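Hi everyone, and thanks for coming. I'd like to walk you through a structure that is probably new to most of you, so please have it open while I talk.

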Amino acid sequence: MPLKGSCHCKATVFEVTQAPVSVTRCTYSICSKKGALWAYYSPDEVRIAPQRSSATYRWQSMTVKHNFCPTCGCTTFTESPDWSTGEPNFDNMRIAVNARLFDDFDLDAVETVTIDGKNLW
Ligand SMILES: [Zn+2]
């Protein structure tokens, strides 16, 4: 069942094909400072409506687009190659949606998986 979400001011509105079965809390520096809980999807599972405003932050490897709303400040989603092998796989792009932005979704009903990005990367 599709699930919708948006940033606080609705400049970014998105829909995913299904609710996540778990969300990820990452201890990596930017993830912990943002406080996002990530739900991962392939690009064909996420539809992002044309954004009225959006901004992107990149750093270090410059391969991950950390998108946020410049109006209300919400962390919205990231676009990244798959890094599961330790190397970026640009043939397998991933979108991590900030699960805190889902509408009508109980975050406490799904497992929160912690990735120790602080010590892995
Ligand atoms: Zn916004």
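**A walk around the zinc site and the strands**

Let's begin with one cysteine: Cys7 counts as buried, because its relative accessibility is 2%. Before I go further, please keep in mind that this is a predicted model.

So which residues are the protein donors of the zinc ion? Cys7 is one of them, together with Cys9, Cys69 and Cys72, and each gives its SG atom. These donors lie 2.3 to 2.4 Å from the zinc ion. If you trace them along the chain, you will find the spacing C-x1-C-x59-C-x2-C.

Why is the arrangement around the zinc ion called tetrahedral? The 4 donor atoms subtend angles of 103 to 117 degrees, and four donors count as tetrahedral if all angles lie between 85 and 135 degrees.

Now look at how covered these cysteines are. Cys69 is at 1% relative accessibility, so Cys69 counts as buried. Cys72, at 29%, counts as partly exposed. And in case you are wondering about disulfides, a search of the whole structure finds 0 of them.

Let's move on to the strands. Strand β7 covers residues 65-68 and strand β8 covers residues 75-82. In which sense do β7 and β8 pair? They are antiparallel, with 4 bridges between them. One pair you can find on screen is His66, whose bridge partner in β8 is Thr78. The two strands form a hairpin with 6 residues between them. In that turn, please click on Gly73, which has a positive phi of about 90 degrees.

β8 has a partner on the other side of the story too: strand β9, residues 89-98, runs antiparallel to β8 and is joined to it by 6 bridges. Here Asp82 stands opposite Asn89 in β9. β8 and β9 also form a hairpin, again with 6 residues between the strands. The glycine to look for in this turn is Gly86, with a positive phi of about 95 degrees.

How many of the 8 residues of β8 are buried? The count is 7, so β8 is mostly covered.

Next, a word on charges. Side chains of opposite charge can pair when their charged atoms come close. The structure holds 1 salt bridge, and it is formed by the side chains of Glu79 and Lys65, at 3.6 Å from N to O. Glu79 lies in β8 and Lys65 in β7, so the pair ties together parts that are 14 residues apart in sequence. As for their surroundings, Glu79 is partly exposed with a relative accessible area of 23%, and Lys65 is partly exposed with 26%.

Now for the aromatic rings. A search of the whole structure finds 2 aromatic pairs. Phe102 and Phe105 form an edge-to-face pair, 5.6 Å centre to centre and with 75 degrees between the planes. Ring pairs link Phe102 and Phe105 with Phe14 into a cluster. Is Phe102 buried or exposed? At 7% relative accessibility, Phe102 counts as buried.

Let me finish with two backbone details. Most residues other than glycine have a negative phi, and most peptide bonds are trans. With that in mind, have a look at Lys10, which has a positive phi of about 70 degrees although it is not a glycine. Where does Lys10 lie? You will find Lys10 in the loop between β1 (3-6) and β2 (13-16). At 44% relative accessibility, Lys10 counts as partly exposed.

The other one is Asp104, also not a glycine, with a positive phi of about 50 degrees. Asp104 is found in the loop between β9 and β10 (111-115). Its relative accessibility is 82%, so Asp104 counts as exposed. For one last distance, take the C-alpha atoms of Asp104 and Tyr40: they are separated by 18 Å, while the two residues are 64 residues apart along the chain.

That's my tour. Thank you for listening!

Note on methods
Residues are numbered from 1 along each chain as its sequence is written. This is a predicted model: local features need pLDDT of at least 70, side-chain atom pairs count only at pLDDT 80 or more; totals for chains, interfaces and linings use all residues. Side-chain values use heavy atoms; hydrogens and water are left out. Donors are N, O and S atoms within 2.8 Å of the metal (3.2 Å for Na, K and Ca); water is not among the atoms, so sites may look incomplete. Four donors count as tetrahedral if all angles lie between 85 and 135 degrees; four count as square planar and six as octahedral if opposite donors are over 155 degrees apart and all others between 65 and 115; anything else is irregular. Buried means under 20% relative accessible area, exposed over 50%, partly exposed in between (1.4 Å probe, protein chains only). Rings of Phe, Tyr and Trp (its six-membered ring) pair if their centres lie within 6.5 Å; planes under 30 degrees apart count as stacked, over 60 as edge-to-face and the rest as tilted. A disulfide is a pair of cysteine sulfur atoms within 2.5 Å. A salt bridge is a side-chain nitrogen of Lys or Arg within 4 Å of a carboxyl oxygen of Asp or Glu. Two strands pair if DSSP finds at least two bridges between them.
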